[in-house]
Every structure is written in C-alpha cells, then in structure tokens.
Amino acid sequence: MLVFAQISDVHVGQDRGDGGARAAERTRRVMAYLNGLPGQLDAILVTGDLADHGTEEEYREAAALLTSPRPVLTCPGNHDERTAYRRHFLGENTSGADATAPVNRAHHLPGATFLMCDSSVPGRHDGLLDDVTLAWLDRELADSPPDVPAFVAFHHPPLPLHIPYVDEIRQFQAERLEKVLDQYDHVVSLLCGHAHTAATTTFAGLPLLAAPGVVSTLTLPSECGDEDGPINFGLPPMVAFHVLDETNRVTTHFRAVPTDAG
C-alpha cells in the first residue's frame, strides 16, 4: 500500500494587506500537520502555484516552507516562473532556453511512478501540455515498468469542473493528452490543482482528482450570491490523502487542517 498527500495552490507571497503573512502561515500550518502525522505517509505532492508572483524572494520562502522528511514532489502552476522555480526547487542555475523550457520531472518511488508535468504557459493563466511535454510524458510512460502504477500530475484540470472562474483558464487541447494516456494501461490516476477546491471526476477513463487550495477555496455558483465573489478566504486549508492499495485502486480522503496544527 502507498499513501501520499497532495496539496496545491499555496501562493506564497500573496499579499492581502499582510505582506504575505497569511499565505505563509497557512502553508506552514499544512506542512506542520503533514510532517507531524504518526502513521504512513510516503510522499507529499504540491501541484502548482507555489509562489504568487514568481519572485526570487517568494521562492526562497516557499522552498523553506515546503520541506519534509518525506519526498516533496512539485510541478509549476500559472503563477510560477520557470527560471526562479528551477533555481530554488531544483537547484538548477540554467539560462536561456534551458531555463524557460517546461519543467517536467519523473519520480520513481517504491510502488509507484509519479510524472509531474508542466501545464503552465508563460504569461498566461490558462494551461496547455505543449508538444515537448507530451513527448516527454509519452517517453516516460513507455519506459516505466508496466507493472508499476503511474500517476500523472499537472496544475490545470483538462476539462471543466463547473466553476466558471477556473473553467475559463483550464487546460486546453486536452484531447492530445488523452491520446497519450490511451496507450498505457498502468496509469492509475490523474492529479491536478488550480481549482482551489476538492473535486473528483474522470478524464480519459481515469480518475481525475483536484486538490483543494491551501491559500483559499473556490466555491460553486450555487454557494455564493451575486454580491459574493467565488473566492472564499475564510475556509480552512485542506489536504488530499491518496491511498493506492494492492489492487491498484486509488481511494482519496480530504481533510481540513485545524488552526492549531503544528
């Protein structure tokens, strides 16, 4: 059995008149909760928007906050900046085209393969898995052991989640992703962020699990009136726990992180 946590959209540096203190406190609280768990936890995934403005200072703080004795696997979101992300989270001091290329990483943990894809498009808030990323994903899936379950993660959901605010900036041209996934039977689940809400659906015949947001929660149209915006900053940060069992079935549990965590 494999147990891992997924968080998303920490937006370190988001300033709501507090100099970014709120986002940092919520991220610190979530990581303290996860790091303090007494039972099995094999990895922590962070599916994008680690920083809010993509600055060096934000990435320094985010890298210090998102630490754990467990492996921490990340991918960029639309608020991330690839060059600074590479420097602070991957230890890469590249320049030119290498620094701005999509940030795709494969992680082979005992019991599962995690393919962290870059769905960000520099300068835009909507998402796309470009040709470079799709070719990388195809190669990694082809080269990974077919008897080892694979998780494919990215920031932008590849289909509408029925929240207009985020559906307008989802991952587009997702049929290209579907063609890649259709070739491989060992992909067991897709994981994303961006939606700032816990959501489950299916894509390409696979479970698609959207992690709740740490910095805020997006609400459904039925939850907010005309005078209210869709972003709720009062709800607590949440965590998704994914359990992969011996039959390769994935079960997901969602937990709110209490204010006294850590």
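**Exercise 1. Place Arg82 in its surroundings.**

Starting from its side chain, find which partners Arg82 has in this predicted model.

*Solution.*

Step 1. Begin with the backbone: the Arg82 side chain comes to 3.0 Å from the backbone oxygen of Ser120.

Step 2. Now look for a side-chain partner. Asp118 provides one, its side chain forming a polar contact of 3.0 Å with that of Arg82.

Step 3. Widen the search to contacts, skipping neighbours within four places in sequence. Asp118 and Ser120 turn up again, together with Pro122 and the residues Ala99, Thr100, Ala101, Pro102 and Val103.

Step 4. Locate Arg82 in the fold: this residue belongs to helix H3, which covers residues 82–90.

Step 5. Is Arg82 buried or exposed? The relative accessibility is 10%, and the cut-off for buried is under 20%, so Arg82 counts as buried.

**Exercise 2. Check the cysteines.**

Work out how many disulfides the model has, and why Cys117 is not bonded to Cys75.

*Solution.*

Step 1. Recall the cut-off: two cysteine sulfur atoms must lie within 2.5 Å to count as a disulfide.

Step 2. Take Cys117. The closest cysteine sulfur is in Cys75, at 7.7 Å, and that is too far for a bond.

Step 3. Turn to Cys192, which is in no disulfide either; the nearest cysteine sulfur, again that of Cys75, is 9.5 Å away.

Step 4. Write down the total: the count is 0 disulfides.

Step 5. Add the accessibility. Cys117, at 0% relative accessibility, counts as buried, and Cys192, at 1%, counts as buried too.

How values were computed. Residues are numbered from 1 along each chain as its sequence is written. This is a predicted model: local features need pLDDT of at least 70, side-chain atom pairs count only at pLDDT 80 or more; totals for chains, interfaces and linings use all residues. Side-chain values use heavy atoms; hydrogens and water are left out. Helices (H or I, at least four residues) and strands (E, at least two) are DSSP runs, numbered from the N terminus. Buried means under 20% relative accessible area, exposed over 50%, partly exposed in between (1.4 Å probe, protein chains only). A polar contact is a pair of N or O atoms within 3.5 Å; within protein, one must be able to donate a hydrogen and the other to accept it, and residues adjacent in sequence count only if both atoms are side-chain atoms. Contact means heavy atoms within 4.5 Å.
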